[in-house]
Amino acid sequence: MTTVREVRLKSRPVGMPKHENFDFATVELRDPGPGEVQVRNLWMTVDPYMRGRMNDVKSYAPPFALGEVMNGGAIGKVTKSNDPAFAEGDLVQSQYGWREGFTAPGKTVQKLDPRGLPPQAFLGAAGMPGLTAYAGLLRIAALKDGDVVFVSGAAGAVGSLVCQIAKAKGHKVIGSAGGPEKVKFLKEIGVDHAIDYKAQKDLTAAVLAGAPDGVDVYFDNVGGEHLEAALNAARLFARFAICGMISIYNATEPQPGPRNLALLIGKNIRMEGFIVSHHFDLMPKFIEDLSGWVREGKVKWQETVFEGIDKAPDAFLGLFSGQNTGKMLVKLA
Ligand code: NDP
């Protein structure tokens, strides 16, 4: 038997989550039964959508159960296999995150072929966040020649890919993120006009300073003031891909919509929300395009890594105070 540590949801947060909402437990892993594998996790992801899963509210992803181990994306290595489809040492991707290891049916994990990429990239740029950027920009916002693109949360996992995909396709990109270090990072990845939103009195003016004729595409990761500024700065027939609204995930009261929503009418703006799981059909094309952009040096990514399962809550909480540049990850082994 092998002993592993796991993170459980101890209580449901009100507002910003705190360490006291999480609990740690040590559990013994049973040997795999027929058709099962035992896996040692190497990496786990923390993502903003997990905040919604801490609430007892029906949504597109089910709530975490109180007192139970949490879950989410993870990359691990098979340590014991009782499933002919897997051998010891195989890399696998699963939804058994927030724990150092597990025993589970082989059919609930997927073999991972890293194709020369670091395995953890499949939790970030080459995984769900990357596909979110690709689907949101190309399918939802229907990016077309000449579009000027504005991205909020631009230095994060999704946002930094949106910026680089738009640049790879030859567009002018305005990116907004919090703090001078992130502005520096945005410039490094080719963003034409990088905004430190925390230092702005007038976000609309900051966007228009980079796009004097306005923006055609807005990729929203943040909501709130950023969405209002995007509406103000939008050009006629602009398309808004509404991907996330992290600025309100910890609100304790329902938040008002943008005060200038009526601009949708006169500017003929199309605003569309989306969830990446409805766009998995794009994955093969996305990976093909991404591989090309990586080879050509047009797309690169950054990770912010916390070490050890004990730091998983810190990594998760860090998403809400902007502690990550690029993908926030927890290294487990
Ligand atoms: P990020 O890597 O972007 O991390 C979150 C970032 O959000 C932080 O680094 C911080 O950056 C910023 N942030 C946190 N609080 C605030 C705030 N109050 N106001 C403004 N910015 C804030 O996360 P992801 O790339 O994983 O996700 C980005 C967005 O995309 C999220 O809204 C997420 O929910 C959404 N998403 C949606 C999906 C879908 O299918 N629709 C799939 C995946 C993600 P800074 O320092 O710049 O403030």
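Helix axes are here lines fitted to C-alpha atoms over the stretch in contact, and the angle between two of them is taken between their N-to-C directions. With that convention, the packing of helices in this predicted model can be followed pair by pair.

Helix α5, residues 203-210, packs with helix α6, residues 224-233, at an angle of about 50°, and their axes are 8 Å apart. Angles from 65 to 115 degrees count as roughly perpendicular and those under 35 degrees as roughly parallel; α5 and α6 are therefore oblique to each other. The crossing of α5 with α6 is right-handed. On the α5 side the contact involves Leu203, Thr204, Val207 and Leu208, which meet Glu225, His226, Ala229, Asn232 and Ala233 of α6. By residue class, this contact of α5 with α6 comprises 5 nonpolar, 3 polar and 1 charged.

The loop between β11 (215-220) and α6 contains Gly223. Gly223 counts as buried because its relative accessibility is 1%, and the limit for that class is under 20%. Apart from neighbours within four places in sequence, Gly223 is in contact with Gly244, Met245 and Ser247. Between Gly223 and Pro48 the C-alpha to C-alpha distance is 13 Å, although 175 residues separate them in sequence.

A second helix pair is formed by α2, residues 128-140, and α3, residues 157-168, whose axes come within 8 Å and cross at roughly 50°. Helices α2 and α3 are therefore oblique to each other, and their crossing is right-handed. From α2, the contact draws on Pro129, Gly130, Thr132, Ala133, Tyr134 and Leu137, while α3 supplies Ala157, Val158, Leu161, Val162, Ile165 and Ala166. The residues of this contact divide into 10 nonpolar and 2 polar, with no charged residue.

Thr132, a residue of helix α2, deserves separate attention. Its relative accessible area is 6%, so Thr132 is buried. Beyond residues up to four places away in sequence, Thr132 touches Val158, Phe219, Cys243, Phe274 and Val276. Val158 is also one of the α3 residues in the contact with α2.

The contact of Thr132 with Cys243 leads to the cysteines. What number of disulfides does the structure hold? The structure holds 0 disulfides. Cys163 takes part in none, and the nearest cysteine sulfur to it, that of Cys243, is 12 Å away. Why does Cys243 form no such bond? The closest cysteine sulfur to that of Cys243 is in Cys163, and a separation of 12 Å is too far for a bond, since a disulfide requires sulfur atoms within 2.5 Å. The two cysteines can also be described by accessibility: Cys163 is buried, with a relative accessible area of 0%, whereas Cys243 counts as partly exposed at 22%.

The final site is Arg12, located in the loop between β1 (2-9) and β2 (22-29). With a relative accessibility of 25%, Arg12 counts as partly exposed. When residues up to four places away in sequence are not counted, Arg12 touches Asn21, Arg53, Met54, Asn55, Asp56, Pro63, Phe64, Ala65 and Leu66. Arg12 and Leu317 are 305 residues apart in sequence, and their C-alpha atoms are 14 Å apart in space.

Notes:
Residues numbered from 1 in each chain as written. Predicted model: local features only at pLDDT ≥ 70, side-chain atom pairs only at ≥ 80, totals over all residues. Heavy atoms only, no water. Buried < 20%, exposed > 50% of the residue type's maximum accessible area, 1.4 Å probe, protein only. Axes fitted to C-alpha atoms, helices over the stretch in contact; angles between N-to-C directions. Helix = DSSP H or I, 4+ residues; strand = E, 2+ residues; numbered from the N terminus. Parallel < 35°, antiparallel > 145°, perpendicular 65-115°, else oblique. Left-handed = near helix turned anticlockwise from the far one by under 90°. Contact = heavy atoms within 4.5 Å. Nonpolar A, V, L, I, M, F, W, Y, C, P; charged D, E, K, R; others polar.
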